[in-house]
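I sat down with a new model today and kept a running notebook. Here is what I looked up, in the order I got to it.

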Amino acid sequence: MSAQSSTSQTGEARGTGEILLKIDDLQVYYGAIAAVKGISLEVRQGEIVTLIGSNGAGKSTTLRTISGLIKPRQGSVTFAGKNVTTMSGHGIVEAGICHSPEGRRIFPRMTVDENLDMGAFLRNDKDGIAEDREHVLELFPRLRERIAQKAGTLSGGEQQMLAVARAMMGRPKLLLLDEPSMGLAPVLVDLIFDTIQTIRDQGTTILLVEQNALAALGIADYAYVLESGALKLQGSARRLAEDDEVTRAYLGG
Amino acid sequence: MSQATATVSVTAKRTPAETRALIIRGTSYVLLAVTALWILYKAFTQPADFFTVGFLGLKFGALYALVALGYTMVYGIIELINFSHGDLFMLATVVSGLIMVSWLARTDPTVTGFLVMIGALLVAMVLAGSVNTLAERVAYRRLRRAPKLAPLITAVGLSFIYQSVGIQMNGSGQRNWSTLLGDRSFSLGPVKVQWSVIVVLTVTIPLLLAMTYLINRTRQGKAMRATAQDQDAARLMGVDVDRTIAFTFALGGALAGAAGMLWLQSIGTTRYDLGFQLGLIAFTSAVLGGIGNLNGAVLGGFLIGIIQALNEAFLLGNAWSQTVVFTILIMVMVFKPEGLLGKPTTEKV
């Protein structure tokens, strides 16, 4: 709670959707080094929430903790009313959180199709899987062209699309996207951000980590600004985009 | 930078380094061709001997392949060279001997004899698989985030432990065990085939087919392949990584167990340090095929088995067996470090 109170609130009232994800006073350490120092945040049903901040601010660590790849030293993660802090990674996926990680992390020696199949690893509903496969291939037609190709041979942009598509194959309630625009050509960045909006409009809630703060604020409903592991600011994305401090620090204005 | 100059110079003129590489490569190809021709020559002039020896090579090759798979699977999934794997195989030879000979006294090729053999095969597989899984659970799992040297030394330590157990059960010297088939053989025209070759192949081939099916077609196999390529990403897909790694150890151990029983029944002798030598050869097979690549391990195992047999019969003879095998290993490491089937994937950043 301490982090919450020290954060300056720039927001008007938040949307009234149901709270899907709630992080409370999260503290994560790598050895003796604190990467996340008491973050609290909320993601509501149907929102795109973005977590922005400079390199090493603790954005990816936060996502990795939500997914159960790292266990926090303190604090809790509640998803859809359930405490998932101590759950195993596969339990968390089963609960409905899918994560498109930083650096894409696709399976390089599997084909595009096999990668998509891995995204649906815990699912048994054949028809639903086929439907979702069709759906993501519609979202990313480039992947259809490359469907039988080994994923390691794709271009960076295609790998990014695959990483997002693969995460969607789990039919998540909450989609975690870590730097989906990293290293992409501007035209692809636009495409990815458009697609993220489409995904949300089709009913998936999204928590988006970005260094490209401007683009992220452009599509998000609500935003949190992280600085060296702590929350610095939060508010509606529109307000933050106009905030002087944010503009100076993160938007190069 | 050097990359750039190299590409440019191809169109212009070869650098001295490239010429040298070309000469070395050329010489090794010539050497390979001469060896191949010599073997072909033998195949035509002494066909009966050639095929007799070939079957012997298949037998050893199958055993190497089974053990090599355990090395390559564990390496593929956690990048550990499991030095104790060969000793696990040795324990399986001893246990099969104890079951078949000491406890049940089955040394004749009767129906019950073969049924007991199948039983011994299953026991050896389950036992070796369990011991390997236990080692993973109590030792390697705790060291997964430790520097690479720690699990490696642990494996060496386990190797000594297994050998000590082997001495306890099998004695400190070579011990001969009676087998069902002995060296009974049948004739295929002029070619003499040991029955034990048939036994080894009838067990090995279905096992290899089942493995291929398991890895490529089942959920568990998918989990293994994903974990081998990217552990964290596999976790994000919902794969239970700990269980998958444990399963891999169980599978590798079981194959070593099967190889142990087959070895005892087809060779009839074992010693506490058998696992060290055979383990090295099996490991060489895995490297030859491309470590981490399952088909490569099988290919490498059969290749080395056959080359060894041909060498002993037609080339340099028994005494040079190890030399030939490890020369092959060194040549592979120099000219094709990724192995025959291993492909260095280009992973874009």
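My entries below go from confidence to the contact between chains, then into each chain.

**Entry 1: how far to trust it**

I started by noting that this is a predicted model. I looked up the overall scores and found ipTM 0.91 and pTM 0.87.

For chain A, I read a mean pLDDT of 90, with 93% of its residues reaching 70 or more. Among the elements of chain A, helix 1 (residues 2-6) has the lowest mean pLDDT, 42, and strand 8 (residues 174-178) the highest, 97. I marked residues 1-6 of chain A, where the pLDDT is below 50. Beyond near neighbours in sequence, that stretch has six contacts in the model.

For chain B, the mean pLDDT is 88, and 94% of its residues get to 70 or more. Confidence in chain B is lowest in helix 1 (residues 2-12), at a mean of 47, and highest in helix 9 (residues 231-236), at 96. I marked two stretches here. Residues 1-10 of chain B stay under 50 and have five contacts beyond four places in sequence. Residues 345-349 of chain B also stay under 50, with 11 contacts beyond four places in sequence.

**Entry 2: where the chains meet**

How many residues does each chain bring to the contact? I found 26 residues from chain A and 22 residues from chain B. Between them the two chains bury about 2,400 Å², and 57% of that is on carbon and sulfur atoms. I then asked which three residues of chain A supply the most. They are A:Leu69, A:Arg109 and A:Phe121, which give 27% of the area that chain A buries against chain B.

**Entry 3: the cores**

Next I went looking for nonpolar cores. The largest has 125 residues, and A:Leu21, A:Ile66, A:Leu174 and A:Leu207 have the most contacts inside it. Another core lies apart from it, with 47 residues, among them A:Val112, A:Leu217, A:Leu233 and A:Ala237.

I picked A:Leu21 for a closer look. Leaving out residues up to four places away in sequence, A:Leu21 touches several residues, including A:Ile66, A:Leu174 and A:Leu207. Its list also includes A:Val77, A:Thr78 and A:Phe79.

**Entry 4: a sheet in chain A**

I traced an open sheet of four strands in chain A, in the order 3-2-5-6, with antiparallel pairing. Strand 3 (33-44) and strand 6 (82-83) are the edge strands, each pairing on one side only. Strand 5 (residues 74-79) and strand 6 of chain A are joined by two bridges, in the antiparallel sense. I looked up A:Phe79 and found that its bridge partner in strand 6 is A:Lys82.

Helix 2 (residues 59-66) of chain A packs on this sheet, where it touches strand 2 (19-30), strand 3 and strand 5. The direction of helix 2 makes about 115° with that of strand 2 of chain A.

Just past the sheet I checked A:Thr86, which is in the loop between strand 6 and helix 3 (89-95) of chain A. Buried or exposed? A:Thr86 counts as exposed because its relative accessibility is 73%, and the cut-off for exposed is over 50%. I also took the distance from A:Thr86 to A:Arg44: the C-alpha atoms are 22 Å apart, with the two positions 42 residues apart along the chain.

**Entry 5: a hairpin in chain B**

In chain B, strand 2 (residues 185-188) runs antiparallel to strand 3 (residues 191-194), and four bridges join them. The two strands form a hairpin with two residues between them. In the turn, B:Gly189 has a positive phi of about 65°. B:Leu188 has B:Val191 as its bridge partner in strand 3.

Which side chains of strand 3 of chain B are buried? B:Val191 and B:Val193 point to one face and are buried, while B:Lys192 and B:Gln194 point to the other and are not.

**Entry 6: two helices in chain B**

I ended on B:Ser285, in helix 11 (residues 274-289) of chain B. B:Ser285 counts as buried because its relative accessibility is 0%. Its contacts, beyond four places in sequence, include B:Tyr64, B:Ala68 and B:Gly300.

B:Gly300 is in helix 12 (residues 294-314) of chain B. At 0% relative accessibility, B:Gly300 is counted as buried. I read its contacts on the same terms: B:Gly300 touches B:Ser285, B:Leu288 and B:Gly289, not counting residues up to four places away in sequence.

Methods:
Residues are numbered from 1 along each chain as its sequence is written. Chains are lettered from A and ligands numbered from 1 in the order in which they are written. This is a predicted model: local features need pLDDT of at least 70, side-chain atom pairs count only at pLDDT 80 or more; totals for chains, interfaces and linings use all residues. Side-chain values use heavy atoms; hydrogens and water are left out. A nonpolar core is a set of buried Ala, Val, Leu, Ile, Met, Phe, Trp, Tyr and Cys residues joined through side-chain atoms within 4.5 Å. Buried means under 20% relative accessible area, exposed over 50%, partly exposed in between (1.4 Å probe, protein chains only). Contact means heavy atoms within 4.5 Å. Two strands pair if DSSP finds at least two bridges between them. Axes are lines fitted to C-alpha atoms, for helices over the stretch in contact, and angles run from 0 to 180 degrees between N-to-C directions. pLDDT is the predictor's confidence in each residue, from 0 to 100. Buried area is the accessible area (1.4 Å probe) that two parts lose on being put together, summed over both.
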